[in-house]
Amino acid sequence: MRREAIINTAVYLALPALAVAALILDEPFTITLATRAAILALAAVGLNLALGLGGLVSLGHAVFFGLGGYAMGILASHAQSYAPLVDGWIVIEGSKSMPVIWLVAVLGSALAALVIGVLSLRTSGVYFIMITLAFGQMFYYFSISWPAYGGEDGLSIYVRNAFPGLNTLDPIQFFGLVFVLLSLVLWGMSRIARSPFGMALSAARQNPARVETVGLSPFRLRLVAFVISGAVTGLAGALFADLNRFVSPTMFSWQMSGEFIVFVVLGGIGRLFGPVAGACLFVLLEHTLSGVSEFWLIYVGAILLLVVLFARGGLIGSLAGREVADD
Amino acid sequence: MTEPLLQIIGLRKSFGALRATDDVSLTLRPGEIHALIGPNGAGKSTLIAQVAGGLAPDAGQIVFDGRDVTALGTAARARAGLGRTFQISALAMDFTVLQNAVLGALGAGGGVWRFFRPVMRDAGLRARAEAALARVGLTDQAGRRTADLSHGQRRLLEVAVALTLEPRAFLMDEPMAGLGGEGSKRMTAFLDTLRRDAPILLVEHDMDAVFALADRISVLVYGKVIATGTAEDIRANPEVRTAYLGEEMP
């Protein structure tokens with residue numbers, strides 16, 4: 001096995017190992033912590049396709065995270081109150097079923113990514129960052145000022161949504177569900193990275209002129225990457241809302257987008273398991289350092305600074321060395 | 001006389017008061033190498049950029065293979081069969097040599113919208129890429145990272161990627177740039193065989209190469225074509241001699 005493969009396996013198994021250990025030691029809070037890390041990892045895995053492979057520094061991925069969250073919140077709150085979501089010549093009921101919620105979250109955030117992508121991918125560099133940030137702020141302030149679903153206070157869901165055959169309120173079962181989803185998405189991403197599309201996307205990051213000269217459109221490649229990326233982050237948003245049984249405008253905030261970028265950079269930009277390693281490290285630091293100091297983010301900032309200055313490949317990169325081109 | 005494959009008709013491009021391309025008309029016929037020469041700042045790169053599609057002309061027309069391509073972008077012109085190489089190598093530096101060639105084959109062969117099958121396991125793409133690498137003599141470098149190649153090897157790879165497109169015409173911007181004497185000779189010999197695949201519009205500073213290869217030469221000075229003809233015509237042309245005054249003319 002290559003060194004990166006060994007490290008990836010270790011990172012991959014760390015979360016379930018922690019969850020199982022916590023189960024044996026009867027520490028449900030730790031399981032919830034592992035679940036939180038897995039969900040944030042999933043969101044960052046989504047971002048990594050755009051940021052790592054595509055080179056698109058999106059400071060607006062919280063849009064998709066928030067849309068996923070509100071897809072869950074809105075559907076579940078209607079199911080909770082037995083008030084149909086749409087009550088006209090067609091009737092759309094709310095839903096407490098996770099698969100339905102996930103589907104809505106994925107399609108909704110993919111659609112948003114398509115619209116935002118079409119409008120923002122014409123630009124590049126700092127303008128792209130600013131436009132995605134502006135979209136994020138639009139959604140954030142809209143969610144604050146729209147009173148129907150809690151506005152600034154957010155929206156509470158009393159019972160976690162259901163998945164056929166599972167008791168999702170049991171922390172370890174919910175963790176298992178999240179971990180299976182994370183695994184499936186990671187598998188999909190590993191396929192995409194080596195696929196014809198992944199190769200062309202990576203080339204468009206390295207040298208857009210080259211891609212055009214062989215007859216491909218960098219814009220279209222980036223747009224498709226952005227849509228897939230947004231959809232994955234949207235799925236993570238739905239799970240995050242379900243974990244907390246709560247949705248609020250915070251999910252749309254630019255700090256959230258910034259955190260996703262931090263996960264990816266900490267773990268290793270463009271590395272398959274980079275965002276997983278980054279999200280786990282972040283949650284770990286958040287958990288341990290927030291007990292030490294109220295200003296724990298200062299330490300995270302210092303670590304990030306060290307990574308950017310001295311370990312450009314992030315956690316995975318500094319452990320595994322330079323990326324090997326695979327054949 | 002055979003019908004030209006590429007026709008540039010009355011092309012104009014100005015940057016402010018500077019007429020970078022001033023009513024340029026050129027043709028590229030099947031089987032020929034048409035060299036474009038001129039002193040520095042004559043507007044060769046600007047002209048190439050307009051033909052390749054990266055820069056829109058102010059006026060004029062570019063007809064390729066009987067079709068007006070003036071409004072098409074770079075990618076569409078590449079798909080129409082225009083294979084371009086750059087003055088400064090434009091390659092995916094993190095890729096291996098073979099991956100760069102496969103990217104070319106992928107662009108030409110289609111199928112980029114596939115998300116699951118590993119691209120490097122696609123036998124068709126690989127075969128096309130490997131054939132192109134073999135033609136330029138880079139087979140033994142296939143597994144190396146492109147960033148680690150020598151300058152000359154990158155130039156060859158650039159040509160190999162263009163070959164994977166199986167273009168109807170080549171557009172080459174100084175393929176000899178930065179090659180040593182030996183490298184230049186090899187590239188010259190290679191381009192000499194390449195004209196049987198497709199005609200080449202060649203921008204080049206290396207006069208030995210130009211006079212060895214070109215069936216026709218056009219001389220660009222201050223954005224204008226001042227002469228077009230065979231190597232002998234150009235050598236004998238007094239206007240060209242004046243334009244090149246102070247520069248070595250073989």
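Chain B has nine helices and ten strands in its secondary structure. Keep in mind that this is a predicted model. How compact is chain B? Its radius of gyration is 18 Å, close to the 18 Å that the globule rule gives for 250 residues, so chain B is as compact as a globular protein of that length. Along the principal axes, the C-alpha trace of chain B spans about 60 × 40 × 40 Å.

Next, the inside. Of the 250 residues in chain B, 48% are buried. Buried here means 20 or more other C-beta atoms within 10 Å of the residue's own. Now take the contacts in chain B with a separation of 6 or more. Residues 24 or more positions apart account for 67% of them.

On to domains. The domain assignment splits chain B in two. Domain 1 covers 1–81 + 168–250, and domain 2 covers 92–166. So look at the numbering of domain 1 when you trace the chain: two stretches are listed for it. The C-alpha centres of the two domains of chain B lie 26 Å apart. How many residues meet there, on the domain 1 side and on the domain 2 side of chain B? Eight residues of domain 1 are in contact with eight residues of domain 2. On the domain 1 side, helix α6 of chain B, residues 181–194, gives the most, with three residues. By class, that side has six nonpolar residues, two polar ones and no charged ones.

Now a sheet. Four strands of chain B form an open sheet, in the order β2-β1-β4-β5. The pairing is antiparallel. Here is the general point: strands of a sheet pair through backbone hydrogen bonds, either parallel or antiparallel. Which strands sit at the edges of this sheet in chain B? They are β2 (18–28) and β5 (67–68), and each pairs on one side only. Look at β1 and β4 of chain B, residues 6–15 and 59–64. Five bridges join this antiparallel pair. To find the pair on screen, start at Leu6(B), which stands opposite Phe64(B) in β4(B). A helix packs on this sheet too: α1 of chain B, residues 44–52. Helix α1 touches β1, β2 and β4 of chain B. The direction of α1 makes about 60° with that of β2(B).

Next, strand β3 of chain B, residues 33–37. Is β3 largely enclosed or open? Five of its five residues are buried, so β3 of chain B is largely enclosed by the rest of the structure. Both faces are covered. On one side, Ile33(B), Ala35(B) and Ile37(B) are buried. On the other, His34(B) and Leu36(B) are buried.

What does β3(B) pair with? One partner is β8 of chain B, residues 200–203, in the parallel sense over four bridges. There, Leu36(B) stands opposite Val203(B). Strand β9 of chain B, residues 216–221, is also parallel to β3(B), with four bridges. In β9(B), Val219(B) is the bridge partner of Ile37(B).

Last, the contact between chains. Chain B puts in 31 residues, and chain A puts in 21. On the chain B side, the elements giving two or more residues are α2 (74–80) and α3 (97–109). Helix α3(B) gives the most, with six residues. By class, the chain B side has 19 nonpolar, six polar and six charged residues.

Note on methods. Residues are numbered from 1 along each chain as its sequence is written. Chains are lettered from A and ligands numbered from 1 in the order in which they are written. This is a predicted model: local features need pLDDT of at least 70, side-chain atom pairs count only at pLDDT 80 or more; totals for chains, interfaces and linings use all residues. Two residues are in contact if their C-beta atoms, placed from the backbone, lie within 7 Å. Ala, Val, Leu, Ile, Met, Phe, Trp, Tyr, Cys and Pro count as nonpolar, Asp, Glu, Lys and Arg as charged, and the others, Gly among them, as polar. The radius of gyration is taken over C-alpha atoms; the globule rule is 2.2 Å times the number of residues to the power 0.38. A residue is buried if 20 or more other C-beta atoms lie within 10 Å of its own, exposed if 12 or fewer, and partly exposed in between; C-beta atoms are placed from the backbone. Domain bounds come from an automatic or database domain assignment. Two strands pair if DSSP finds at least two bridges between them. Axes are lines fitted to C-alpha atoms, for helices over the stretch in contact, and angles run from 0 to 180 degrees between N-to-C directions.
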